[in-house]
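Dear colleague,

Here is the structure I said I would pass on. My notes on it follow below.

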4 protein chains.
Amino acid sequence: MTQATSAKVTKLNRVERNAWTKQKIFDAATKIVGKYGYAEASVARITEAAGVAQGTFYNHFENRQELLDQLLPKIGLDMVRFIHARTGTASEARQEIERFSAFFDFIREVPEFLRILNEAEFFAPIGYQKHFDNISSAYVRILQRARAAGATNTFSDEEFEAIVQVLMGARGYLSRRYSYSEQGVTAVPDYVITAYQKLVTRGLFTTSDKGRKS
Amino acid sequence: MTQATSAKVTKLNRVERNAWTKQKIFDAATKIVGKYGYAEASVARITEAAGVAQGTFYNHFENRQELLDQLLPKIGLDMVRFIHARTGTASEARQEIERFSAFFDFIREVPEFLRILNEAEFFAPIGYQKHFDNISSAYVRILQRARAAGATNTFSDEEFEAIVQVLMGARGYLSRRYSYSEQGVTAVPDYVITAYQKLVTRGLFTTSDKGRKS
Amino acid sequence: MTQATSAKVTKLNRVERNAWTKQKIFDAATKIVGKYGYAEASVARITEAAGVAQGTFYNHFENRQELLDQLLPKIGLDMVRFIHARTGTASEARQEIERFSAFFDFIREVPEFLRILNEAEFFAPIGYQKHFDNISSAYVRILQRARAAGATNTFSDEEFEAIVQVLMGARGYLSRRYSYSEQGVTAVPDYVITAYQKLVTRGLFTTSDKGRKS
Amino acid sequence: MTQATSAKVTKLNRVERNAWTKQKIFDAATKIVGKYGYAEASVARITEAAGVAQGTFYNHFENRQELLDQLLPKIGLDMVRFIHARTGTASEARQEIERFSAFFDFIREVPEFLRILNEAEFFAPIGYQKHFDNISSAYVRILQRARAAGATNTFSDEEFEAIVQVLMGARGYLSRRYSYSEQGVTAVPDYVITAYQKLVTRGLFTTSDKGRKS
DNA sequence: TATGAATGAGAATTCATTCAT
DNA sequence: AATGAATGAATTCTCATTCAT
């Protein structure tokens, strides 16, 4: 997540100052929504946290909703990049486990993400849609490539789409159950990983070596 | 779903009248939350739909939140009964598919359920917790019995817990994606069922006949 | 104008208390709009003057505009009654002068009226429309009766409608010019009355050719 | 109405550029107030329409109100010139009808005028005052000359002042009623002209006793 | 127990004006 | 002179809850 540096701002031109202010608001919103949820993220609270006047908010965002709807897609991209960087070249099944694990690593790195993600469906539906379109289309492509490599059981494209919903649902519900507590975001127990691994390696992927990248 | 009959209530004693009023409020809340969501379910709106005064609300519920938190657990029990009634004595794997299908049948029978369920996490967290504890413990027991019958792959109790989260996540995300539209609640396409079936029969259950009830 | 009496309110039932509160708000609005104009009549200001909470306002009026739009028609009726009571049985021409004079008497009795009337077109257009429909249709009927009695020059119904606009315009502009000052509302000079009298009884110009430029 | 030409302005000195910017703002304000009214004429909207920055506004006008108060007097002069050009050398009575008709022609030529005029009383009171002083003093002089020519009935100077208010009120109310619609500004029906003509040449009531109630 | 008016804190948003660049 | 981001007071309206009847 981009972070407005609090370093002394000595010489910024107009454009930079403008962008910096917007980023301050954005970061403040991320922090507040992540910690207290969308419902508590009033413009007053966000601008106070950002250290700007309420009116300033509306120089940068059309309205409160517009900002809220930008939160998830932006952080979602960070997630995609993070997971991609953590995914190696082992077998397709193994890669899926790596992605799964990386997801839980990511939400510990960006603890705001979980709440921003989970509440988005109701409080930022446009952002939610955008994010899920991003994620699920990319995910389907991954599965299609695995299928082309002979690494999956027999699934049609439409079935893959449904499977992706299941896999995303798994992450969502498991993170809710095992990562999320009053204290903050914690790692999931190993048995969560192994359970997922057993389900998808036998259920989704072929267990031969055919899917392994050379 | 229990339904306050609108038939003329001529002879009710004090206790019955009391319960009836409470039920009217409850039913009104179910309808409104189901249709418009928790956020739109103001006390004013609920009491108006119930045909009672706003003040009456507080004779039956401590506050608005208390009512909201009762919605999901109550309707959740209806769901459990519904699904149980639809589950036969075929193989364990087959039974899971029946439960899965029955879930989607239920949400068409009780279209309020989906919204009450999906939004509960944020608007009725206590009710959400109660519901999920109900469901997941029951679900784990089902899986344990299947395991005892030799019908599942090797999973520990803890892994079953995680699996249950995945299966519930699957229902949640799939219903969101495939059942929910502006028009109302519709049936899911067949390929959703088959995708789920492929994933869990190979991933979760053994494919032999060992798990079949005698 | 109805006036919420400030006498001690010892025993009022619910309905009466309700009506009394609404009347308090109404009276406060009348006073404020009359003194400072619609633009300054914020809900905060009105409710403060009425001695009720802001929220109370919305128990009695849908929104701010609804109240504003009720102001003029209500006082307008008071005006009609007032003028009617002051109109005798002299000649039609004389009666018109009486009505004209009575108008200026009325605005001194209800000094709020002038501002409520004049600004209504822009700040309370619905109320303005209602008021003017009331007034002009009644006025046209008066003229038609006078015509039937042979007391007017030759005018068609449509021309009467236009004439009514002129007569109302006369009252509006003259009151603005001669009655309205920082100090409050004062009587119009006699020559305003006589000028109006001459115009409506004899017209402005002689009909001979004397005024033609050579 | 003066109009800032949009032709490319290549060679302007400092003073000319300055005047040109001010004119752009002025024209934009005229257009916006004419179309949407003073209340909607925010500085942001005006400057955007003028194609200058908001801050620029305050280099040319002390504040928003100052500009608004200049609108009507300026355009009012255009009206005076327009009407004067349309007035011939027929009888005084005839000339008044010509002026009256010319007024309605003018508001069709400059459709912004009506709104700028009508709302000015409340949104630009200083400009309103200035305009009406302009108009009414000129109008009184016209009537005085007609009187000197023996073309009017007997009116004192003060009565003429009042008469002028009536005549201006007639224009104001009639234009509001007959020229102004959602579509724009339209011509008034003929009977409006004839009604006015009859009123000012012959008066409204017969002076015989026929109308007296028995 | 039922009623429903009263409460008042808090929400999002607007906008004239300022001022550093 | 031109710019346009920043300001913050003020606006309308909502709603859970209270309480006298």
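A backbone N or O atom of D:V43 lies 2.9 Å from a phosphate oxygen of DNA strand E. Bear in mind that this is a predicted model. Chain B also makes a backbone approach to the strand: a backbone N or O atom of B:A53 is 3.1 Å from a phosphate oxygen. For C:T56 a polar side-chain atom is involved, 2.7 Å from a phosphate oxygen of DNA strand E.

Taking the protein atoms around the strand as a whole, 64% of the atoms of DNA strand E within 4 Å of the protein belong to sugar or phosphate, and the rest to bases. There are 29 residues around the strand, and those that come nearest are A:R64, B:T56, C:R14, C:T21 and C:H60. By type, the residues of this surface divide into 18 polar, eight nonpolar and three charged. At least two residues each come from α3 (54-60) of chains A, B, C and D, and from α1 (14-36) of chain C. The most, five residues, is given by α3(B).

On the chains themselves: a turn of 178 degrees with a shift of 0.0 Å along the axis lays chain C on chain D, with an RMSD of 0.3 Å. This is the relation of a two-fold axis. The C-alpha of C:G203 is the nearest to the axis in chain C, at 1.7 Å. Both copies use the same surface, as 100% of the contact residues of chain C recur in chain D.

One residue to look at is D:N118, in helix α6 (residues 112-123) of chain D. D:N118 is buried, because its relative accessible area is 4%, under the 20% cut-off. Beyond its neighbours within four places in sequence, D:N118 is in contact with C:F122 and D:R176.

Regards

Technical notes
Residues numbered from 1 in each chain as written. Chains lettered and ligands numbered in written order. Predicted model: local features only at pLDDT ≥ 70, side-chain atom pairs only at ≥ 80, totals over all residues. Heavy atoms only, no water. Least-squares fit on C-alpha atoms with pLDDT ≥ 70 in both. Contact = heavy atoms within 4.5 Å. Helix = DSSP H or I, 4+ residues; strand = E, 2+ residues; numbered from the N terminus. Buried < 20%, exposed > 50% of the residue type's maximum accessible area, 1.4 Å probe, protein only. Near = heavy atom within 4 Å. Polar contact = N/O pair within 3.5 Å; in protein donor to acceptor, adjacent residues only side chain to side chain. Nonpolar A, V, L, I, M, F, W, Y, C, P; charged D, E, K, R; others polar.
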